[in-house]
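Me: I'd like a close look at one part of this structure, with enough of the surroundings to place it. Could you walk me through it in one go?

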Amino acid sequence: MEKELTMPKLRPEMESGVLCAWLKEEGDVVSAGEPIYEIETDKVVNQIEATESGVLKKQLIEEGDTVPVSSPVAILETK
Amino acid sequence: MEKKPEWLKVRYNQEAVNEVAALMRDLKLNTVCKEANCPNLGECYRKHTSTFMILGSNCTRNCKFCNVTCGKPEPVDPEEPMNVALAAKKLNLRHVVLTCSTRDDLPDGGAEQFAKSVRAIREVCPGTTVETLISDMKGDPASLDIVIASHPEVLNHNVETVKELQSVVRSKATYERSLGVLRYCKEKDPTILTKTGFMVGLGETEEQIDRLLDDILETGCDILTIGQYLQPSPQHHPLARYATPEDFARYKELALKKGFRHVASAPLARSSYKAWEALEDVHDLY
């Protein structure tokens, strides 16, 4: 089953975020709890964890792209 | 934005965050984790822990380092003390940290709401320890007496920065008043552990930090936290530097050598981060 991973709202006033690095490549197996990508906010770099296990099927954006909160960033193939 | 060093990476799990956030919303509670945009929120919420911020989310002060919103204060919620206790029970917290927005508009600075919250936690969660992380309550002994009489295990009040940067960073607070709060509480009830914390990276010097440690220790303070200042937005006090983990280790060694009983010193150490560890460490010695 395909699941869309979306840009999280890391702080109440956040409207968009910059994906600064991919930690998993397309085709990589991802376990729940493993970080998939990084988003930089004013204070820190947040490593966003997978909430389900699966295979990273598609990276929808590139490193450095700014994406609105709740927009899709990747597709995870789950069982 | 300056590139973040490797040691400022944190993990974030949306599902774990949603769970605690929903509980807080249901009980109409605020956490300083959310209001201050704490970098440890993801980790702490995942571990089912948080720091309650009582007396509303709007602060009557506008300190240049802090992310909490300055705005019109909200009416004090009479249900809040019991809701805090119920949330603490649901989260199965063994140590509850209560903090507040600074309420200069209230005659007692919010002291009574602190005391009521401590009492509610005692009633609902027997055996759970409590830490009150208070504002300076304008240094008013009558207000401080109310908090002291509720007898939290730990009474925490942050000095935030060195003497020389106080007026720039905390416009309505003073160094002497904050030290006075710590000293007064310790003298009034020496069985309560006192605790304070400060940030590095605001522009302070090593000599100023050394004097700060001496001044805090002179109040009889037991527990100290030292963490990296993280600039919440371009409108806040500018970041002067990122101290390294080695710098924090050095500050810890220095503080322990001077006589503090417990020191948490690390880039992402915060006032209430793993607060129970400090209490357990010091309680064994007590």
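What share of the 286 residues of chain B count as buried? Once that is settled, please zoom in on strand 3 of chain B and its pairing with strand 2 and strand 4.

Reply: Sure. Keep in mind that this is a predicted model. To your opening question: 58% of the 286 residues of chain B count as buried.

A bit of setting before the strand itself. Chain B is built from eleven helices and nine strands. Its radius of gyration is 18 Å, which agrees with the value near 19 Å that a compact globule of 286 residues would have. Along the principal axes, the C-alpha atoms fill a box of roughly 45 × 45 × 40 Å. If you take the contacts in chain B with a separation of 6 or more, 74% of them are between residues 24 or more positions apart. The chain exposes about 12000 Å², and carbon and sulfur atoms supply 53% of that. As for charge, there are 37 positive and 41 negative side chains in chain B, with the centres of the two sets 3 Å apart.

Now for the strand. Strand 3 of chain B covers residues 51–54, and both of its faces are covered. B:Thr51 and B:Met53 sit on one side, B:Phe52 and B:Ile54 on the other, and all of them are buried. That split fits the general pattern: in a regular strand the side chains alternate between the two faces of the sheet.

Next, the partners. Strands of a sheet pair through backbone hydrogen bonds, and the sense can be parallel or antiparallel. Strand 3 of chain B has a partner of each kind: strand 2 (residues 30–31) pairs with it in the antiparallel sense over two bridges, while strand 4 (residues 95–100) runs parallel to it and is joined by four bridges. In terms of individual residues, B:Phe52 is the bridge partner of B:Thr31, and B:Thr51 stands opposite B:Val97 in strand 4. So B:Thr51 and B:Phe52, which belong to opposite faces of the strand and are both buried, also turn up in the pairing, B:Thr51 with strand 4 and B:Phe52 with strand 2.

While you're in chain B, two loop residues deserve a glance for their backbone. Most residues other than glycine have a negative phi, yet B:Lys138 has a phi near 55° and B:Glu160 one of about 70°. B:Lys138 lies in the loop between strand 5 (129–133) and helix 6 (141–149), and B:Glu160 in the loop between strand 6 (154–156) and helix 7 (166–169). Their surroundings can be read from the accessible areas: B:Lys138 is partly exposed at 46%, whereas B:Glu160 counts as buried at 15%.

For contrast, take a look at chain A, which has zero helices and eight strands. Here, 48% of the 79 residues are buried. Four of the strands form an open antiparallel sheet in the order 1-8-6-3. Strand 1 (2–6) and strand 3 (29–30) of chain A stand at the edges with a single partner strand each, so one side of each has no neighbour in the sheet. Inside that order, strand 6 (residues 54–59) and strand 8 (residues 72–77) of chain A run antiparallel and are joined by four bridges, and A:Leu56 has A:Leu76 as its bridge partner.

Key. Residues are numbered from 1 along each chain as its sequence is written. Chains are lettered from A and ligands numbered from 1 in the order in which they are written. This is a predicted model: local features need pLDDT of at least 70, side-chain atom pairs count only at pLDDT 80 or more; totals for chains, interfaces and linings use all residues. Side-chain values use heavy atoms; hydrogens and water are left out. The radius of gyration is taken over C-alpha atoms; the globule rule is 2.2 Å times the number of residues to the power 0.38. Buried means under 20% relative accessible area, exposed over 50%, partly exposed in between (1.4 Å probe, protein chains only). Contact means heavy atoms within 4.5 Å. Accessible areas come from the Shrake-Rupley method with a 1.4 Å probe; for residues, only the protein chains shown count as cover. Lys and Arg count as positive and Asp and Glu as negative; His and the chain ends are not counted. The place of a charge is taken as NZ of Lys, CZ of Arg, CG of Asp or CD of Glu. Two strands pair if DSSP finds at least two bridges between them.
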